Amino acid sequence: DATKLGSGKEKVDRLTNLIAIFENKALDFSKNRAEGDDILGDAYEYLMRHFATESGKSKGQFYTPAEVSRIIAQIIGIRNAKTTNATTVYDPTCGSGSLLIKVGDAARAKVTLYGQEKDAATSGLARMNMYLHNNPTALIVQGNTLTNPQFKDGETLKTFDYVVANPPFSDKRWSTGLDPLNDTYQRFQPFGVPPTKQGDYAYLLHIVRSLKSAGKGACILPHGVLFRGNAEADIRRSLVRKGYIMGIIGLPTNLFYGTGIAACIIAIDKENAHARKGVFMIDASANFMKDGPKNRLRAQDIHQIVDAFTNRIEIPKYSRMVSIEEIENNEFNLNLSRYIDSHTVEDLQDIDGHLNGGIPVADIDALGRYWAVCPTLKSALFKVRRPAYLD
């Protein structure tokens with residue numbers, strides 16, 4: 001860009017000096033690398049996260065927390081699939097490309113990455129991010145995905161094996177420059193047109209349309225999409241009846257940059273849609289750690305979500321498979337609290353124990369899973385103080 005670098009000799013000198021900085025022997029990290037290490041990529045990711053944190057709402061929307069990206073990469077099944085260079089992964093709102101890269105990294109073989117980003121500066125960041133993470137062939141284009149999708153096969157949308165996205169929440173200007181009722185790409189006709197002031201389903205329906213017949217996808221959206229009424233209720237009903245929604249994962253509040261509201265991951269699976277009997281739901285909203293102004297998912301939280309989702313493990317107050325019939329009885333309201341009772345039991349106080357000392361036997365017995373694993377531990381740790389109380 002001549003306006004930034006100057007022209008002629010000035011540009012040559014400036015770029016020569018820039019390259020000379022990186023020829024400094026002190027910046028050669030090759031001897032310090034562990035196998036599979038990615039120093040430049042990790043440093044870039046670290047700076048992006050801190051930039052998103054510091055800049056708050058203004059630039060927070062272009063970066064998906066790495067922990068959430070890892071969850072999506074694992075639940076869409078790309079890790080266990082037989083991937084090749086012909087396998088395609090697409091992000092219609094790719095931001096700085098962090099989500100796209102994490103999904104690509106999860107594949108066994110190198111896959112082909114595609115991304116579109118509305119903001120010109122951010123799409124530049126995404127291209128740079130791709131080079132730094134050893135994805136030089138990734139195709140990142142700039143433009144508004146809803147009004148002017150860049151990836152097409154003739155007059156129809158190009159379809160992909162995997163589609164992932166973290167679109168702007170409740171985009172109030174999604175339909176600017178677009179006639180949703182006469183959408184050229186037929187994204188809305190089969191399901192219904194999203195409301196003018198809520199663009200969440202517009203992005204989700206773009207994802208559904210961009211998936212191959214055996215494709216899988218995941219989209220991060222605000223919780224409101226699970227229960228809001230009117231036009232969104234009609235779209236939700238259509239998606240559930242067609243069997244496209246494979247699962248829903250409720251995430252903690254204050255996890256994303258630029259917003260503090262709770263979000264969820266909606267997992268889409270076209271391949272098994274016709275045989276779908278239920279939707280697997282997880283309420284992971286209570287599992288996180290505080291990290292400065294934001295909440296963060298710990299390794300154990302990520303593992304529990306992925307393990308429960310991929311193996312369809314039903315855990316009380318956390319996860320369960322909900323039948324289509326039950327969803328229908330709830331008028332296609334997908335609010336997680338309707339299906340998973342995540343309220344914690346009130347902590348009962350033992351007045352006798354407080355006044356006269358001793359640990360109530362009931363409290364010890366409540367830890368039964370530990371005594372099952374270590375059968376001799378209980379007798380080694382405790383002795384009887386008086387009936388129903390131990391020391």
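**Reasoning about helices and buried residues**

Tutor: Let's start with helix H9, where Ala299, Gln300 and His303 are exposed on the other side from its buried residues. Keep in mind that this is a predicted model.

Student: Okay, which residues of H9 are buried?

Tutor: Asp301, Ile302, Ile305, Val306, Ala308 and Phe309. These buried residues cover an arc of only 170° around the axis, so they sit on the same side of H9.

Student: And what covers the buried residues of H9?

Tutor: The cover includes helix H4 (66-75) and strands E8 (245-250), E9 (263-269), E10 (278-283), E12 (294-296) and E13 (319-323).

Student: How do you know that the span of helix H9 agrees with what it should be?

Tutor: Count it out: H9 runs over residues 299-311, which is 13 residues. The expected span takes 1.5 Å times one less than the number of residues. That gives 18 Å, and the end C-alpha atoms are 18 Å apart, so the two agree.

Student: What follows H9?

Tutor: Arg312, and its phi is positive, near 50°.

Student: Switching helices, what makes H7 roughly parallel to H8?

Tutor: The axes of H7 (200-209) and H8 (residues 231-242) cross at roughly 25° and come within 11 Å. Angles under 35 degrees count as roughly parallel, so H7 is roughly parallel to H8. The crossing is left-handed, too.

Student: Which residues of H7 and H8 make the contact?

Tutor: H7 brings Tyr201, Leu204, Leu205 and Val208, while H8 brings Glu232, Ile235, Arg236 and Leu239.

Student: Why is Ser170 called buried?

Tutor: The cut-off is under 20% relative accessible area. Ser170 comes out at 17%, so buried it is. You'll find Ser170 in the loop between strand E6 (160-165) and helix H7.

Student: What does Ser170 touch, not counting residues up to four places away in sequence?

Tutor: Lys197, Gln198, Gly199, Asp200, Pro222 and Arg228.

Student: Why does Lys270 count as buried?

Tutor: Run the test again: buried needs under 20%, and Lys270 has 17% relative accessibility, so it counts as buried. Lys270 lies in the loop between E9 and E10.

Student: What is Lys270 in contact with, leaving aside its neighbours within four places in sequence?

Tutor: Val208, Leu211, Lys212, Ser213, Gly215 and Tyr244.

Student: How far apart are Lys270 and Ala106 in space?

Tutor: They're 20 Å apart, C-alpha to C-alpha, with their positions 164 residues apart in sequence numbering, that is, 164 residues apart.

How values were computed:
Residues are numbered from 1 along each chain as its sequence is written. This is a predicted model: local features need pLDDT of at least 70, side-chain atom pairs count only at pLDDT 80 or more; totals for chains, interfaces and linings use all residues. Side-chain values use heavy atoms; hydrogens and water are left out. Helices (H or I, at least four residues) and strands (E, at least two) are DSSP runs, numbered from the N terminus. Buried means under 20% relative accessible area, exposed over 50%, partly exposed in between (1.4 Å probe, protein chains only). The arc is that of the directions from the helix axis to the C-beta atoms. Contact means heavy atoms within 4.5 Å. Axes are lines fitted to C-alpha atoms, for helices over the stretch in contact, and angles run from 0 to 180 degrees between N-to-C directions. Angles under 35 degrees count as roughly parallel, over 145 as roughly antiparallel, 65 to 115 as roughly perpendicular and the rest as oblique. A crossing is left-handed if the near helix is turned anticlockwise from the far one by less than a right angle, and right-handed if clockwise.
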